Each structure stands twice: as C-alpha cells, then as structure tokens.
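The following paragraphs lead the reader through a single protein structure, element by element. Please keep the sequence and the model in view while reading.

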Amino acid sequence: MSLILFACVVRVRDGLPLSASTDFYHSQDFLECRRRLKTLASRLAQYPGRGSAEGCDFSIHFSSSRDVACMAICSLQCPAAMAFCFLETLWWEFTASYDTTCVGLASRPYAFLEFGL
C-alpha cells in the first residue's frame, strides 16, 4: 500500500479545490477521510500554516502559504516529516506554474486540472 494516498491543492480563503490526484481507494473509512479533508479545506484560513489530523486508518496533513494550501491523505505508517516534505515540494511546483492572480480568479473546482500531481 502506498503511503500518500491522495493529494490536492486548494485555495486557502474558501477551500476551492484547484487540482487533485486521482484516488483509487473507495473504502468507507477513506471516503469519510475525504469528507473530513473537504471540511478542513473550507476552514483553512482559521488554522496555522501547517497541521495534521488523524483518523482510524488515515491521517490528513496540510501545509499552506499565501493563498495556496496543499493537502494529503496518508496511511498512518507515513511519517509526518515525509508528508510535509511532499506537500512543500508540491506547493513549490504549483506556485511556480501558476501565479497568485490565476489562483485568485479561479471560479470553478479543479480549474488547474492540467497540473499533474
């Protein structure tokens, strides 16, 4: 089983998903974790720039800076340092490809689908 199961890039102010990986897990626990991630994404502006939440079988890690946050659902065996390293790399790649104006003007979910995670 992979350590990082799902990743997404969201806009901090409103949690709008900008890009996301494909998930291949459809267990009830994973789907519940995706719902928790979605709720957390909509409230990211209230949280510090980095954090984690653990559930039964998965953990959610997020890292945000400026108007973009990267989030991941990981297996519990995934070390937090590894997840945050991945999220930081993802953030740098995304922000190098898209400027803040594009992010601010995005009006529909997954506006940057062509950005392959």
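In this predicted model, strand β1 (residues 4-11) pairs with strand β2 (residues 17-20) in the antiparallel sense, over 3 bridges. Within this pairing, V10 stands opposite P17 in β2. The two strands β1 and β2 form a hairpin with 5 residues between them, and G15 in the turn has a positive phi of about 75°. Strand β2 also contains S19. This serine counts as buried, because its relative accessibility is 0% and the cut-off for buried is under 20%. S19 and V9 are 10 residues apart in sequence, yet their C-alpha atoms are 5.2 Å apart in space.

A second pairing joins β3 and β4, again in the antiparallel sense, over 5 bridges. Here E54 stands opposite S59 in β4. Strands β3 and β4 form a hairpin with 3 residues between them. Strand β4 (residues 58-65) pairs in addition with strand β5 (residues 68-75), in the antiparallel sense and over 8 bridges. In β5, S75 is the bridge partner of F58.

How do these pairings fit together, and in what order do the strands lie? They belong to an open sheet of 5 strands with antiparallel pairing, in the order β2-β1-β5-β4-β3. The edge strands are β2 and β3 (50-54), each of which pairs on one side only. Neighbouring strands of this sheet are turned by 20° against each other on average, direction ignored. As a general point, strands of a sheet pair through backbone hydrogen bonds, either parallel or antiparallel.

One residue of the sheet may be examined further. S63 is found in strand β4. With a relative accessible area of 15%, S63 is buried, because the value is under 20%. Leaving aside residues up to four places away in sequence, S63 touches G49, R50, V68, A69, C70, F84 and L87. Two of these names, F84 and L87, appear again among the buried residues of helix α2.

Helix α2 (residues 80-97) has 18 residues, which at 1.5 Å a residue should span 26 Å; the end C-alpha atoms of α2 are 26 Å apart, so expectation and model agree. Which residues of α2 are buried? They are A83, F84, L87, L90, W91 and F94. Seen down the axis of α2, these buried residues fall within an arc of 125°, and therefore they line one face of the helix. On the other side of α2, A81, C85, W92 and A96 are exposed. The general geometry helps in reading such a pattern: an α-helix has 3.6 residues a turn, so residues three or four places apart point the same way. What covers the buried residues of α2 includes the strands β1, β2, β3, β4 and β5, together with α3 (100-105).

The charged side chains offer a further view of the model. In general, side chains of opposite charge can pair when their charged atoms come close. The structure holds 3 salt bridges. In one of them, the side chains of D14 and R11 meet at 2.8 Å, N to O. Are these two partners buried or exposed? D14 is partly exposed, with a relative accessible area of 37%, whereas R11 is buried, with a relative accessible area of 4%.

Another salt bridge brings together the side chains of D67 and R13, at 3.8 Å, N to O. This pair links distant parts of the chain: D67 lies in the loop between β4 and β5, R13 lies in the loop between β1 and β2, and the two are 54 residues apart.

There is also a salt bridge between E32 and R35, whose closest N and O atoms are 3.2 Å apart. How far along helix α1 (residues 28-42) are E32 and R35 separated? They are separated by about one helical turn, because they are 3 residues apart in α1. E32 counts as partly exposed at 37% relative accessibility, and R35 likewise counts as partly exposed, at 41%.

Technical notes: Residues are numbered from 1 along each chain as its sequence is written. This is a predicted model: local features need pLDDT of at least 70, side-chain atom pairs count only at pLDDT 80 or more; totals for chains, interfaces and linings use all residues. Side-chain values use heavy atoms; hydrogens and water are left out. Two strands pair if DSSP finds at least two bridges between them. Helices (H or I, at least four residues) and strands (E, at least two) are DSSP runs, numbered from the N terminus. Axes are lines fitted to C-alpha atoms, for helices over the stretch in contact, and angles run from 0 to 180 degrees between N-to-C directions. The expected span of a helix is 1.5 Å times one less than its number of residues. Buried means under 20% relative accessible area, exposed over 50%, partly exposed in between (1.4 Å probe, protein chains only). The arc is that of the directions from the helix axis to the C-beta atoms. Contact means heavy atoms within 4.5 Å. A salt bridge is a side-chain nitrogen of Lys or Arg within 4 Å of a carboxyl oxygen of Asp or Glu.
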